[in-house]
Amino acid sequence: MTIELAGKVAAWVTIVLWSAGGMAARMLDTREDVANLSVDVKHHMLQTGHPVGLERLDTVLSEQHELRRDVIDQGKQLAAICQATGADCR
């Protein structure tokens, strides 16, 4: 083996080893990040929520129910008008 070839082989072996080591370190670091994230998500799911946010949600839901009732009433009124006039209301 010539000195030139030995230098090239040593360079490639060094590059491959550093790459493998870096990839292994990155994968281990990523695995720890995923484990930490899983713990954070579980902790977040167990929380009941901020009281102000829950009050706002209740307000939005009650307004949505009122709007739904209004739409149903308007639909019934429109159906009655269409039936009384014989109009084709589609």
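Me: How does Glu63 count in terms of relative accessibility?

Reply: In this predicted model, Glu63 has a relative accessibility of 41% and so counts as partly exposed, because that class lies between buried, under 20%, and exposed, over 50%. Glu63 is part of helix H2, which covers residues 51-85.

Me: Which surface patch does Glu63 help to form?

Reply: Glu63, together with Glu66, Asp70 and Asp73, forms a negative surface patch. A residue needs over 30% relative accessible area to enter a patch, and Glu63, at 41%, is partly exposed.

Me: Which residues make the nonpolar surface patch?

Reply: Met1, Leu5, Val9, Val13 and Leu17 make a nonpolar surface patch of about 520 Å². Met1 lies in the segment before helix H1, which runs 3-46, and with a relative accessible area of 78% Met1 is exposed.

Me: What does the secondary structure of the whole chain come to?

Reply: The chain has two helices and zero strands. Leu46 is found in helix H1 and counts as exposed, because its relative accessibility is 72%, which is over the 50% cut-off. Ala24 is also found in helix H1, but at 37% relative accessibility Ala24 counts as partly exposed.

Me: How far apart in space are Leu46 and Gln83, and how far apart are Ala24 and Arg68?

Reply: It helps to keep separation along the chain and separation in space as two readings. Leu46 and Gln83 are 37 residues apart along the chain, and their C-alpha atoms are separated by 53 Å. For Ala24 and Arg68, the separation is 44 residues in sequence and 56 Å in space, taken from C-alpha to C-alpha.

Me: What radius of gyration does the chain have, and what would a compact globule of 90 residues have?

Reply: The chain has a radius of gyration of 34 Å, whereas a compact globule of 90 residues would have one near 12 Å. The spans of the C-alpha trace along its principal axes, about 105 × 40 × 15 Å, can be read beside that value.

Me: What share of the residues is buried, and how much accessible surface does the chain have?

Reply: Of the 90 residues in the chain, 1% are buried, where buried means under 20% relative accessible area. The accessible surface of the chain comes to about 8,500 Å², and 65% of that surface belongs to carbon and sulfur atoms.

Me: How many positive and negative charges does the chain have, and how far apart are their mean positions?

Reply: The chain has 9 positive and 12 negative charges, and the mean positions of these two groups are 6 Å apart.

Note on methods:
Residues numbered from 1 in each chain as written. Predicted model: local features only at pLDDT ≥ 70, side-chain atom pairs only at ≥ 80, totals over all residues. Heavy atoms only, no water. Patch = residues over 30% accessible without salt bridge, like charges linked within 9 Å, V, L, I, M, F, W, Y side chains within 5 Å. Areas by Shrake-Rupley, 256 points an atom, 1.4 Å probe, with all protein chains shown as cover. Salt bridge = Lys/Arg side-chain N within 4 Å of Asp/Glu carboxyl O. Helix = DSSP H or I, 4+ residues; strand = E, 2+ residues; numbered from the N terminus. Buried < 20%, exposed > 50% of the residue type's maximum accessible area, 1.4 Å probe, protein only. Lys, Arg positive; Asp, Glu negative; His and termini not counted. Charge placed at Lys NZ, Arg CZ, Asp CG, Glu CD. Rg over C-alpha atoms; globule rule 2.2 N^0.38 Å.
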